[in-house]
Amino acid sequence: MSGSTTTAGLRAGGCLCGRIRFTVSGEADYPHACSCGHCQRRAGGPLQTWVSFPLASLVWTGEDGEPSWFDTFEAKTRRGFCRTCGSSVAAWDYGNAWIGINIPALDDASDPRLTPVNQSFRSNAVPWLPAVPDSQHADS
Ligand SMILES: [Zn+2]
Ligand SMILES: [Zn+2]
C-alpha cells in the first residue's frame, strides 16, 4: 500500500500554538466522526473527528511534553489538550493499546486512510449539518 506518509509511516502533529507536538506511526485505525456531547463540548463545535494509532508508537515531541489530561469518564476515558492554546489533540481509554488522535491535529490529514468512515452518536448530532456517510458498512 502506498500513501502520502513518509517512510516508516511516521505522522507528525500538534496543537495550534505548537507547544504540544507528537509523532505516531503504524495503522490508522477507524477514522470516524463523533457527535457525542463530550466531543461537542470539548471541540466547541458540532463534532470531532478521531483516528487511532498504536499507543506504543506515540511520542510526545513538543516543548511541553504530554498534553494536559481531563477525565471525561473518571478512570475510564481521558482527553488530552494543550493548556496554552486549548487545542484538543488526543483521547485515551485507560488500559487501551490504542490512542485516539484528533484528525485535524495531524499536520497532513490528506491521506484517504484518514477520511472518516462513520459517525458515532448520530442521534446527538446537530440537525443543520449533513451526517458523515457510513462507508464502514458499505458493501464493496
Ligand atoms: Zn498549544
Ligand atoms: Zn465523542
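1. Two strands pair if DSSP finds at least two bridges between them. With that rule in mind, one can follow strand β3 through this predicted model, where β3 and β10 pair in the parallel sense over two bridges. Within this pairing, Ala-33 of β3 stands opposite Gln-119, which belongs to β10.

2. Strand β3, which covers residues 29-34, also has a second partner to consider, namely strand β4, made up of residues 48-54. Here the two strands run antiparallel and are joined by four bridges, and one example of the contact is Cys-34, whose bridge partner in β4 is Gln-48.

3. A point that deserves a careful look is Tyr-30, which has its place in strand β3. The phi angle of Tyr-30 is near 50 degrees, and this is a positive value in a residue other than glycine. Is Tyr-30 buried or exposed? Tyr-30 counts as partly exposed because 15 other C-beta atoms lie within 10 Å, whereas 20 or more would be needed for a residue to be called buried and 12 or fewer for exposed.

4. Phe-121 should be read with the same care. Which segment holds Phe-121? Phe-121 is found in the segment after β10, the strand of residues 119-120. The phi angle of Phe-121 is near 55 degrees, again a positive value in a residue other than glycine. As to its surroundings, Phe-121 counts as partly exposed, since the model gives this residue 15 C-beta neighbours inside 10 Å.

Key
Residues are numbered from 1 along each chain as its sequence is written. Chains are lettered from A and ligands numbered from 1 in the order in which they are written. This is a predicted model: local features need pLDDT of at least 70, side-chain atom pairs count only at pLDDT 80 or more; totals for chains, interfaces and linings use all residues.
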